[in-house]
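Below are my notes on this model, set out as numbered points. Please read them with the structure open.

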Amino acid sequence: MAVRVRLRVKNNLSGKVVEAVALLNSGFETLKPQLLIPVKLAEVLGLWPSLPESSYVKEYGTAGGITKTYVVPENLEVCVVTDGRCSPTAVSDSVISLLEEEALIGDKLAGKLGIMVFDFAEGIWKLKIDPPDKMRESE
């Protein structure tokens, strides 16, 4: 098992909002908050195939080798949806992947969202704002 959380993602450039489940990936190390999104999600958010002018191409190292992605800086507002409510939001880059099939939360975005992992193998996590005894299961 892994830790997956439900996110509400708003593209501030188009105003489009979507809920999606994303995989928490502590190996997705970034310099600032980033959400890697597959092309299908980028289409729903209005980011693909017509990329915004602010976007740029960047190569990322993955377990399978180097891959080319498209980065749209600081265009997303992201929150974790739990118990029908949204956690405090974080501003994030979109990293559009032509290869990945699920959304991935980078380390800096996980920190900004206040996600704390207790057991990756069992998918147990919580938010920093949760009560001390609250534990959540992976989506």
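1. Strands S1 and S2 make a hairpin, with 5 residues between the two. In its turn, Gly15 has a positive phi of about 85°. Note that this is a predicted model, and the points that follow should be read as such.

2. The two arms of this hairpin, S1 and strand S2 (residues 17-24), run antiparallel and are joined by 7 bridges. Within this pairing, Leu7 has Ala20 of S2 as its bridge partner.

3. S1 also pairs with strand S5 (residues 65-82), again in the antiparallel sense, through 5 bridges. Here Lys10 stands opposite Glu77 of S5.

4. Which residues of S1 lie on its covered face, and which on the uncovered one? In strand S1 (residues 4-11), Val5, Leu7, Val9 and Asn11 form the covered face, while Arg4, Arg6, Arg8 and Lys10 form the uncovered face. In a regular strand, side chains alternate between the two faces of the sheet. Leu7, the partner of Ala20, is thus placed on the covered face, and Lys10, opposite Glu77, on the uncovered one.

5. Strand S3 (residues 34-38) has 5 of its 5 residues buried, so the strand is largely enclosed by the rest of the structure. Both of its faces are covered. Gln34, Leu36 and Pro38 are buried on one side, and Leu35 and Ile37 are buried on the other.

6. The pairing of S3 involves both senses. With strand S7 (residues 90-97), S3 pairs in the parallel sense over 5 bridges; with strand S8 (residues 103-105), S3 pairs in the antiparallel sense over 2 bridges. Leu35 can be used to locate both pairings: Leu35 stands opposite Ser94 in S7, and its bridge partner in S8 is Ile105.

7. An open sheet of 3 strands has the order S9-S10-S11, paired antiparallel. Its edge strands are S9 (115-119) and S11 (136-137), each of which pairs on one side only. S9 is joined to strand S10 (residues 124-127) by 4 bridges, and Val117 has Trp125 of S10 as its bridge partner.

8. Is Ile129 buried or exposed? This residue sits in the loop between S10 and S11. Ile129 counts as exposed because its relative accessibility is 61%, where the cut-off for exposed is over 50%. The C-alpha atoms of Ile129 and Ser87 are separated by 8.4 Å, although the two residues are 42 residues apart along the chain.

9. For the chain as a whole, there are 2 helices and 11 strands, in the sequence pattern β-β-β-α-β-β-β-β-β-α-β-β-β. The radius of gyration is 14 Å, close to the 14 Å that the globule rule gives for 139 residues, so the chain is as compact as a globular protein of that length. The C-alpha trace spans about 45 × 35 × 25 Å along its principal axes.

10. Some totals for the chain follow. Of its 139 residues, 45% count as buried. Among contacts with a separation of 6 or more, 58% come from residues 24 or more positions apart. The exposed area is about 7500 Å², with carbon and sulfur atoms supplying 51% of it. There are 16 positive and 19 negative side chains, and the centres of the two sets lie 4 Å apart.

Notes. Residues numbered from 1 in each chain as written. Predicted model: local features only at pLDDT ≥ 70, side-chain atom pairs only at ≥ 80, totals over all residues. Heavy atoms only, no water. Rg over C-alpha atoms; globule rule 2.2 N^0.38 Å. Buried < 20%, exposed > 50% of the residue type's maximum accessible area, 1.4 Å probe, protein only. Contact = heavy atoms within 4.5 Å. Areas by Shrake-Rupley, 256 points an atom, 1.4 Å probe, with all protein chains shown as cover. Lys, Arg positive; Asp, Glu negative; His and termini not counted. Charge placed at Lys NZ, Arg CZ, Asp CG, Glu CD. Pairing = 2+ DSSP bridges.
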